[in-house]
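Student: Could we go through this structure together, and could you show me how each label is earned?

Tutor: Gladly; here it is.

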Amino acid sequence: MKPTDTVPPEMTDEHTVVSDGLAGGPSNADDSPGISLGSSRMEKIRRSMLLTILPLVAAMVVGGLFLLALGRDPLAFYATMIHRAIISPSGLQETLIRMAPLLLISAGLIVAFSAGIWNLGGDGQFMLGAALVGGLAASSAEVMPRGLMLVLMLLIAGTLGAVWTIIPALMKARYGINEIITTLMMSFIGVNLASLLVKVMFLDDRPGIQTPRTPVLDVADRLPTLFGTRVHSGVIIGVIAVIGVHIMMTRTSLGLRLKILGANVKAAHHAGLGVSKLTVATFLLSGMFMGLAGGVEVLGVQGFVRADWNPSFGLVAVPLVFLARMNGWVTIAFVFLLSVLSIGGELATRDAGLPNQFGLLIVALVLLFMTVAEYFESRRLRGERTVWATMADRILSKGDAAGE
Amino acid sequence: MSEALITALLVGAIAAAVPLMLAGLGELISERAGVLNVGLEGMMLMGAYGGFVVALATGSTWMGFIGGAVAGGLVSLVMVVLCVRWGLDQIVVGIGILLGVEGLTSLLHAAQFANTYPRLGKAAAPSIPWLSDIPVVGRVVFGEPYMVYVTLIAVFVAGWVLRKTPWGLAIRATGESPEAVDAAGVNVVLVRSLATLSAGVLAGLGGAYLSLVSSGNFIPLMTGGRGFMALVLAMLARGRPIWLALGALLFGFATALTTALQIFGIDIRPEIVNSLPFVVVLVVLTLFGRDDYLPSSLALPYVRGER
């Protein structure tokens, strides 16, 4: 890190730093008079907007080039995408529904990452929660009232998700074995076990079913929907989970302890924190949210689990939460963005006759450009000039660059 | 057990192990240099696609492997720039790479082959007089596709380079203590860049093996988690290519066992057999693995003068 006195002169006006850092120009003209006082909160929001929107635009431009190369009209494609994901009521509902599992998974990742633990086994925890709920929900609905059944199912899903992290947790806490290996291995086993549960234990063996799957939970017995839409209350659970975790991390002593653990394990030891207990607690909490996500997805949307179903939500959420810097509010915004991209992408690719993995490409480009944008931003804040920024300055605002 | 069963089992085990070995070897090298390559699966997938396209165009399996290596290497360049040069987070970028390649290859596949589904011919294997006629051994040891032998040689060469050469020392030291390496006048960024690049090339070869030898065609998302499996194997191998090769063979054997048993009418769930190696590894880790030997600077970007 360079000392602040090497910061170039134009950095003293905090606002210009932000606006021309990544925009490379266009936002310069209209917002320079707007910011007079050092409203750092607005500043922050503005900056993170910029760090989100520019990569988004860049990703769409690159994606558009692919579309052009394939003989599709990029503008029409994106128009369909936005229309299908946000503007049309049914699309917006789909987008919100998609948010539910992603939010819960993100909540689990926020806890883990804040404590410096890479729980990459989300898929296994998710699938086990989903499979068990898929297997038990329909038969439970016959013997108990719906509310009790739903609560019980969510409890089961969360518990199983948490249980599935115990081995990695103990191995990390006791022997310091890297959790990336153990959670990935447990994830493989978990996905296999989930498939086994569906095929053997919970198989719906009525004739005429092609792919093995669990019995179907009656639509009337699923999670209650909101305000007459198809959006189920799992979305609310997800939002509460993320905000709850955010509050826990920022406002409670447990959150502080986890953050210390994440920042420096040795420091946590010296501060007298029970590192082993905290590590295990983090794993359990993280796994619980993953399992819960699986349960919610089954109780709210699917109603059953097919043996070959594995949406792999866990993997996409990892970079997302990381880019949101484990901030709950930003995570919610990013999850919304991801849902828009994936739902809009799925529907627009279908219209355009493209494979629906094209949506993945756009998501990946957004993620990569966002990381890159963060990099340039952090360099700017440290007062280091990148080659590109210098070049952009020279081209776009000759006066400033000359002044340096 | 009949001769045919044993042969099928061993041949299947080797066929399933080779892609894991190649990709895992790449991961192992880059991990020793301190770069955790989560995008390995993506590099494999790109290699599978690139290898297939080149082999289809040239009609040569060898050109296909070169194409796969180049494709995997090109993808790893993203990692070189973003993670090694700029020090961005390796896990985030790795997952970004994986998703991007999944999207890109599916798109390209749909644009080119969606209606034709071309296939490649069978990969060539040696036929040595006498030796190839020995029962079981003739097929298993002397009748494999050529790439199998290349892979085994690569494992031993990588082991030798890592242990005995200055290059290997530089790689291992960079993973443990990049500051010291830098102070000694070795270019940390260069070492890590080359290690990451070799991971991409080897993963590309592993992916190309899937499309060129195992299946003879390219299917979207055909790597099916093998990249992550290779990643786990590389981490478990504790930096030793031989252990990695043995681990890959164990997994290959489990895969082959499922198929073989089913052919012979013994119905055992593939889920159980596929999970078994992981269960065994976890038990072994719990009983014996009281610590792990991962490089101490793994996944930490090196910025000169920081910390």
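Student: What comes right after helix 2 of chain B?

Tutor: B:Gly59 follows helix 2 of chain B, and its phi is positive, near 75 degrees. Please keep in mind that this is a predicted model, where local features need pLDDT of at least 70, side-chain atom pairs count only at pLDDT 80 or more, and totals for chains, interfaces and linings use all residues. Residues are numbered from 1 along each chain as its sequence is written, with chains lettered from A and ligands numbered from 1 in the order in which they are written.

Student: What makes a stretch such as residues 40-58 of chain B a helix?

Tutor: Helices are DSSP runs of H or I with at least four residues, strands are E runs of at least two, and both are numbered from the N terminus. Helix 2 of chain B has 19 residues. The expected span is 1.5 Å times one less than the number of residues, so 27 Å here, and the end C-alpha atoms are 26 Å apart, which agrees.

Student: Why is helix 2 of chain B called largely enclosed?

Tutor: A residue is buried if 20 or more other C-beta atoms, placed from the backbone, lie within 10 Å of its own, exposed if 12 or fewer do, and partly exposed in between. In helix 2 of chain B, 17 of the 19 residues are buried, so the rest of the structure largely encloses this helix. For chain B as a whole, 53% of the 307 residues count as buried.

Student: Why are helix 14 and helix 15 of chain A called oblique?

Tutor: Their angle is about 140 degrees, with the axes 9 Å apart. Angles under 35 degrees count as roughly parallel, over 145 as roughly antiparallel, 65 to 115 as roughly perpendicular and the rest as oblique. The two helices are therefore oblique to each other. Among the residues making the contact are A:Leu320 of helix 14 and A:Phe334 of helix 15.

Student: How many residues join chain A to chain B, and what counts as a contact?

Tutor: Two residues are in contact if their C-beta atoms, placed from the backbone, lie within 7 Å. By that rule, 39 residues of chain A are in contact with 39 residues of chain B. Helix 16 of chain A gives the largest share of chain A's side, 11 residues.

Student: Which elements make up chain B?

Tutor: Chain B has 12 helices and zero strands, while chain A has 18 helices and zero strands.

Note on methods: Axes fitted to C-alpha atoms, helices over the stretch in contact; angles between N-to-C directions.
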